[in-house]
Amino acid sequence: AGEGPPTRGSEPRRSMLRGLTTSIFRSTRQNLARTMATVAAPAPGSRPGKIEAWYYNDDGADQRLPHKYEPNRPVPLEKLTELGVIQWALDADKYEDDAELEAIREERGYSYKDVITVSPEKLPGYEEKIKSFFEEHIHTDEEIRYVLDGTGYFDVRDENDEWIRIFCGKGDMIVLPEGMYHRFTMDEQNYIKAMRLFVGEPVWTPYNRPQEDNPSRTKYVNAFLSGGENKAEPSEPAEKRPRVEEEEVAATTEGKTSTEA
């Protein structure tokens, strides 16, 4: 027997159920994001950080410029949290003996640290190196940077594959999650001194986009992007975007070498 005509009120009920399902999915995804980004909460009274974010206007100008739309399209820090980005505002003047920093390291298992300086004076082949930093890539671990002096930009992709530019300055500590497409560039000051942290022995290898089959990318997408309306697709074929090889970067203040900023 065929189905009879819809009963009165069936459509409103279906609409209500769809809305409830969407709400439950959104709440579950946000809870999962918070779980994967478990952090030591910033201490009460921590100073406001310099971190701010906006959508990147890809107008072809120098990568070190702000690249803001007119009018600007600001991105709230809560949006970065939804994408898995974690940030703190710390006192960089006491980084060598900071109880708050040590609490974060202990909470998140950051056993390794070093300090690097990137500038034309410290980094041979500076212009070419900062172009290599600007290649879109992922890592198979978190990327953790604590800015001790100077400024710079991290660009990250949102759920619709748009670039968000994140400005970081002295005292800002930022964590980009494993598998997130991102890139880094200096700003017009051409100077940054930063602490790099890592769980265990550091592995600085970047994997250039596309990495859709990379387990770390899959992990990130499932945790943070599954509810996005538009799925991120590779912008160029793989053969046109070779993986950035590890490079020696003699750009430190403590006699170390580095493979990326």
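This is a short tour of one predicted model, stop by stop.

**Before you start**

Residues are numbered from 1 along each chain as its sequence is written. In this predicted model, local features need pLDDT of at least 70, side-chain atom pairs count only at pLDDT 80 or more, and totals for chains, interfaces and linings use all residues, while side-chain values use heavy atoms, without hydrogens and water.

**Stop 1: strand 1 and its partners**

Select residues 52–55, which form strand 1. Helices (H or I, at least four residues) and strands (E, at least two) are DSSP runs, numbered from the N terminus. Now add residues 163–168, strand 8. Strands 1 and 8 pair in the antiparallel sense, over four bridges. Two strands pair if DSSP finds at least two bridges between them. Click on Trp54: its bridge partner in strand 8 is Arg165.

Next, add residues 74–75, strand 2. This strand runs antiparallel to strand 1, and two bridges join them. Ala53 has Val75 as its bridge partner in strand 2.

**Stop 2: two cis peptide bonds**

Go to the loop between strand 1 and strand 2, where Pro71 is found. The bond joining Glu70 and Pro71 is cis, with omega about 0°.

Then jump to Pro210, in the loop between strand 12 (207–208) and helix 5 (215–225). The peptide bond from Arg209 to Pro210 is also cis. Its omega is near 10°.

**Stop 3: two positive phi angles**

Select Asp161, in the loop between strand 7 (152–157) and strand 8. Its phi is positive, about 70°, although Asp161 is not a glycine. Is Asp161 buried or exposed? Asp161 counts as buried, because its relative accessibility is 18%. Buried means under 20% relative accessible area, exposed over 50%, and partly exposed in between (1.4 Å probe, protein chains only).

Move on to Asn190, between strand 10 (182–186) and strand 11 (192–198). This loop residue, other than glycine, has a positive phi near 55°.

**Stop 4: a cavity**

The structure holds three cavities of 30 Å³ or more. A cavity is a set of points, on a 1 Å grid over the protein atoms alone, where a 1.4 Å probe fits but cannot get out; lining residues have an atom within 4 Å of a point. Points are joined across faces, edges and corners, and a volume is the space filled by probe spheres set on them.

Select His139, Glu142, Phe198, Val203 and Trp204. Of the 13 residues lining the second largest cavity, these lie nearest its centre. The second largest cavity holds about 80 Å³ of space. Strand 6 (143–150) gives the most to its lining, with three residues.

Note on methods. 1 Å grid on protein atoms, 1.4 Å probe; cavity = no way out; pocket = protein on both sides within 12 Å on 5 of 7 lines; lining within 4 Å.
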